[in-house]
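Me: Could you take a close look at one part of this protein for me, the way its strands are put together into sheets? I'd love a connected account rather than a list.

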Amino acid sequence: MRLILTLLALVTLLAGCGVTTSGVPVEFDEDLEQAVAELARSGGSRPLAELVPGDWTSVHVLTGPASGPRIEQELGRPVEIDGDGTHGGDYVQDGNLLVFRHDDSIVRMVSLGQLAAIGDGKYGADVVLRADGGAIKMTDPDGRPAGR
């Protein structure tokens, strides 16, 4: 009985420390991929929140391929990498992986397939995508460079 109580206490402690995975599968978003590609080609700018509605407060952009351990290091937490564009816990696409968070919780992970137009970094929900010579620069609403 004491062993069961000890195990329950340990499980509760680990859950409280945030040692969990996201439980959010990577999804390919064809509409977002096309919108980013068109923006890079045609020029101009658009707020990312306009292209990706929802309840998120930040986005972390990585360019693949990226190993699961690298993604965990970038995000600063354990995460399960599974779904579109993944294999064996790694993101295997050559394009961007966008990890949307609401505060510290991962709410959505999006693959842009082979499109790698967005630079790596962590950005707030007010970030604006601005076309720049076939690529996308992430800026604050006032046009200043955003992220880290």
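**The strands and their sheets**

Reply: Happy to! Let's start with one pair of residues: L62 has L97 in β6 as its bridge partner. That pair brings us to strand β3 (residues 58–63) and strand β6 (residues 96–102), which run antiparallel and are joined by six bridges. Both belong to an open sheet of five strands, ordered β1-β7-β6-β3-β8, in which the pairing is mixed. β1 (26–28) and β8 (121–124) stand at the edges with a single partner strand each, so one side of each has no neighbour in the sheet. On average, neighbouring strands here are turned by 25 degrees against each other, direction ignored.

A helix belongs in this picture too. Helix α4 (residues 68–75) lies across β3, β6 and β7 (105–111), and runs at about 145 degrees to β3.

Now for the other sheet. Three strands form an open sheet in the order β2-β9-β10, with antiparallel pairing. Its edges are β2 (45–47) and β10 (135–139); each has a single partner strand, so one side of each is left without a neighbour in the sheet. Neighbouring strands of this sheet are turned by 30 degrees against each other on average, direction ignored. Strand β9 (residues 128–132) is joined to β10 by five bridges, the two running antiparallel. D132 finds its bridge partner in β10 at A135.

Do keep in mind that this is a predicted model. The protein's average pLDDT is 87, and 84% of the residues score at least 70. Residues 5–20, though, have a pLDDT below 50, and this stretch has three contacts in the model beyond near neighbours in sequence. Where pLDDT is low, the predicted coordinates should not be read in detail.

Conventions: Residues numbered from 1 in each chain as written. Predicted model: local features only at pLDDT ≥ 70, side-chain atom pairs only at ≥ 80, totals over all residues. Heavy atoms only, no water. pLDDT = per-residue confidence, 0-100. Contact = heavy atoms within 4.5 Å. Pairing = 2+ DSSP bridges. Helix = DSSP H or I, 4+ residues; strand = E, 2+ residues; numbered from the N terminus. Axes fitted to C-alpha atoms, helices over the stretch in contact; angles between N-to-C directions.
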